[in-house]
Amino acid sequence: MAYKITDACISCGACEAECPVGAISAGDDKYVIDASICIDCGACASVCPVEAPQQD
């Protein structure tokens, strides 16, 4: 089960830097996670100040 970034995202970039497999990139209005790359480690969720990454 991959993580998904919710609309709570404030585009701070903390999650992108923390992802060990590079599954996170900047989208148009928020960061996005490529579910085919995500290894469900939760590193992004642990550093997010607004708890935007959630398990899908």
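## Asp-7 and its salt bridge

Let's start with Asp-7, which is exposed because its relative accessibility is 68%, above the 50% mark used for that label. The model you are looking at is a predicted one. In it, the side chain of Asp-7 meets that of Lys-30 in a salt bridge, with 3.1 Å from N to O. The two residues sit in distant parts of the chain, 23 residues apart: Asp-7 is in the loop between strand E1 (3-5) and H1, and Lys-30 is in the loop between E2 and E3. A search of the whole structure finds 1 salt bridge.

Is Lys-30, the partner of Asp-7, buried or exposed? Lys-30 counts as buried, because its relative accessibility is 17% and the limit for that label is under 20%. So the salt bridge pairs an exposed residue, Asp-7, with a buried one, Lys-30.

## Around Lys-30

The loop that holds Lys-30 runs between E2 and strand E3 (31-33). The link to Asp-7 also appears as a polar contact of 3.1 Å between the two side chains. Setting aside neighbours within four places in sequence, Lys-30 is in contact with Ile-5, Thr-6, Asp-7, Cys-9 and Ser-11.

One of these contacts, Ser-11, will come up again under the heading on backbone angles. For now, note that Ser-11 belongs to the loop between E1 and H1.

## Ile-24 and the nonpolar core

Next, look to the interior. The largest nonpolar core has 14 residues. Those with the most contacts inside this core are Ile-5, Cys-15, Ile-24, Tyr-31, Ile-33, Cys-38 and Cys-44. Two elements, E1 and E3, give two or more residues to the core. As general background, nonpolar side chains tend to be buried together in soluble globular proteins.

Ile-24 makes a good guide to this region. Its place is in strand E2, and Ile-24 is buried because its relative accessibility is 6%, where the label needs under 20%. Which residues does Ile-24 touch, not counting those up to four places away in sequence? They are Ile-5, Cys-15, Glu-16, Cys-19, Tyr-31, Val-32, Ile-33 and Cys-44. To place Ile-24 relative to the salt bridge, you can use Asp-7: the C-alpha atoms of Ile-24 and Asp-7 are separated by 15 Å, and the two residues are 17 apart along the chain.

## A nonpolar patch on the surface

Nonpolar residues are found on the outside too. Val-21, Ile-37 and Ile-39 make a nonpolar surface patch of about 230 Å². Val-21 is in the loop between helix H1 (14-18) and strand E2 (24-26). With a relative accessible area of 35%, Val-21 is partly exposed, so it clears the cut-off of over 30% for patch residues.

What is Val-21 in contact with, leaving aside neighbours within four places in sequence? The answer is Ile-37 and Ile-39, which are also its partners in the patch. For another landmark, the C-alpha atoms of Val-21 and Cys-41 are separated by 9.8 Å, with the two residues 20 apart along the chain.

## Two positive phi angles

In general, most residues other than glycine have a negative phi. Which way does Ser-11 go, positive or negative? Ser-11 has a positive phi of about 55°, although it is not a glycine. This residue counts as partly exposed because its relative accessibility is 37%, a value between the 20% and 50% limits.

Glu-51 also has a positive phi of about 55° without being a glycine. You can find Glu-51 in the loop between helix H2 (43-47) and E4. Glu-51 is exposed because its relative accessible area is 59%, and the label asks for over 50%.

## Gln-54 and the start of the chain

Moving along to Gln-54, you arrive in strand E4 (residues 53-55). Gln-54 counts as partly exposed, because its relative accessibility is 38%.

Where does Gln-54 find its contacts, once neighbours within four places in sequence are left aside? They are Ala-2, Tyr-3, Lys-4 and Thr-6. Gln-54 and Ala-2 are 52 residues apart along the chain, and their C-alpha atoms are separated by 8.6 Å.

Notes. Residues are numbered from 1 along each chain as its sequence is written. This is a predicted model: local features need pLDDT of at least 70, side-chain atom pairs count only at pLDDT 80 or more; totals for chains, interfaces and linings use all residues. Side-chain values use heavy atoms; hydrogens and water are left out. Patches are made of residues with over 30% relative accessible area and no salt bridge: like charges are joined within 9 Å, nonpolar side chains (Val, Leu, Ile, Met, Phe, Trp, Tyr) within 5 Å. Accessible areas come from the Shrake-Rupley method with a 1.4 Å probe; for residues, only the protein chains shown count as cover. A salt bridge is a side-chain nitrogen of Lys or Arg within 4 Å of a carboxyl oxygen of Asp or Glu. Helices (H or I, at least four residues) and strands (E, at least two) are DSSP runs, numbered from the N terminus. Buried means under 20% relative accessible area, exposed over 50%, partly exposed in between (1.4 Å probe, protein chains only). A polar contact is a pair of N or O atoms within 3.5 Å; within protein, one must be able to donate a hydrogen and the other to accept it, and residues adjacent in sequence count only if both atoms are side-chain atoms. Contact means heavy atoms within 4.5 Å. A nonpolar core is a set of buried Ala, Val, Leu, Ile, Met, Phe, Trp, Tyr and Cys residues joined through side-chain atoms within 4.5 Å.
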